[in-house]
Amino acid sequence: MPRLFPSGAAAACAGHENRSENPRELGSDRIANAVAVSTLYGGPSIFIDFGTATTYGVVSAKAEFLGGAIGPGLRMMNRALSTGTAKLPSIELVLPPQVIG
């Protein structure tokens with residue numbers, strides 16, 4: 001199986017495998033998320049990254065990136081809902097004062 005990173009990459013990524021359907025198409029952001037979640041929390045794990053796109057990924061107990069999904073980001077979803085529905089207005093996306101509570 002292809003390594004998450006090409007040869008010569010950082011030693012911190014050693015031991016991480018990419019078992020996704022199209023390994024060469026995996027973006028660096030998703031590779032970094034897979035390595036980070038595996039290194040920090042072990043596996044099996046999932047990660048969700050809210051950026052321009054919302055990405056989801058699954059990492060096995062053996063530090064293998066198994067795959068995931070990509071969906072629209074928050075701004076794109078907000079725009080699609082406000083323009084594609086009759087009664088959902090566009091809202092301003094702002095950071096809350098605290099995430100939980």
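Mentor: Welcome! A residue counts as buried when its relative accessible area is under 20%, and as exposed when that area is over 50%. Please also keep in mind that this is a predicted model.

Trainee: Thanks! Is Ala 63 buried or exposed?

Mentor: Let us place Ala 63 before judging it: this residue lies in the loop between E3 and E4. Its relative accessible area is 15%. The cut-off for burial is under 20%, so Ala 63 is buried.

Trainee: What is the phi of Ala 63?

Mentor: Most residues other than glycine have a negative phi. Ala 63 sits in the turn of the E3–E4 hairpin, which has four residues between the strands. Its phi is positive although the residue is not glycine, with a value near 65°.

Trainee: Let me step back to the whole chain. In what pattern do its helices and strands follow one another along the sequence?

Mentor: The protein chain holds two helices and four strands. Of its 101 residues, 27% count as buried. Read from start to end, the pattern is β-α-β-β-β-α.

Trainee: And in what order do the strands lie in the sheet?

Mentor: Start from the edges: E1 (17–18) and E2 each pair on one side only. E3 pairs with E2 in the antiparallel sense, and E3 also pairs with E4 in the antiparallel sense. The sheet is open, its pairing is mixed, and the order is E1-E4-E3-E2.

Trainee: How many bridges link E3 and E4?

Mentor: Strands of a sheet pair through backbone hydrogen bonds, either parallel or antiparallel. Here E4 covers residues 64–72, and one facing pair is Thr 55 with Ile 70 in E4. The two strands are antiparallel, and the number of bridges is seven.

Trainee: Now the other side of E3. Which residue in E3 is the bridge partner of Phe 47?

Mentor: E2 (residues 45–50) and E3 (residues 53–59) are joined by a hairpin of two residues. Their pairing is antiparallel, over six bridges. Ile 46 faces Val 58 in E3, and the bridge partner of Phe 47 is Gly 57.

Trainee: Which helix gives the largest share of the largest nonpolar core?

Mentor: That core has eight residues: Leu 26, Ile 31, Ala 34, Val 35, Val 37, Phe 47, Val 59 and Phe 65. Four of them come from one helix, spanning residues 28–41. That helix is H1.

Trainee: What angle does the direction of H1 make with that of E2?

Mentor: H1 packs on the sheet, where it touches E2, E3 and E4. Comparing the direction of H1 with that of E2 gives an angle of about 135°.

Trainee: Which peptide bond is cis?

Mentor: Most peptide bonds are trans. To find this cis bond, look in the loop between H1 and E2, where Pro 44 is placed. Its omega is near 5°, and the bond runs from Gly 43 to Pro 44.

Trainee: What does the side chain of Ser 60 reach?

Mentor: Ser 60 is found in the loop between E3 and E4, and it is buried, with a relative accessible area of 10%. Not counting residues up to four places away in sequence, Ser 60 touches Gly 43, Pro 44 and Leu 66. At 3.1 Å, its side chain reaches the backbone nitrogen of Lys 62.

Trainee: What relative accessible area does Thr 54 have?

Mentor: Thr 54 is in strand E3, and its side chain reaches the backbone oxygen of Pro 72 at 3.0 Å. Beyond neighbours within four places in sequence, its contacts include Ile 48, Asp 49, Leu 74 and Met 77. Thr 54 counts as buried because its relative accessible area is 1%.

Trainee: Last one: over which residues is the pLDDT below 50?

Mentor: The average pLDDT for the protein chain is 82, and 85% of the residues score at least 70. Where pLDDT is low, the predicted coordinates should not be read in detail. The stretch you ask about has 22 contacts in the model beyond near neighbours in sequence, and it covers residues 1–8.

Terms used
Residues numbered from 1 in each chain as written. Predicted model: local features only at pLDDT ≥ 70, side-chain atom pairs only at ≥ 80, totals over all residues. Heavy atoms only, no water. Core = buried A, V, L, I, M, F, W, Y, C linked by side-chain atoms within 4.5 Å. Buried < 20%, exposed > 50% of the residue type's maximum accessible area, 1.4 Å probe, protein only. Pairing = 2+ DSSP bridges. Contact = heavy atoms within 4.5 Å. Axes fitted to C-alpha atoms, helices over the stretch in contact; angles between N-to-C directions. Polar contact = N/O pair within 3.5 Å; in protein donor to acceptor, adjacent residues only side chain to side chain. pLDDT = per-residue confidence, 0-100.
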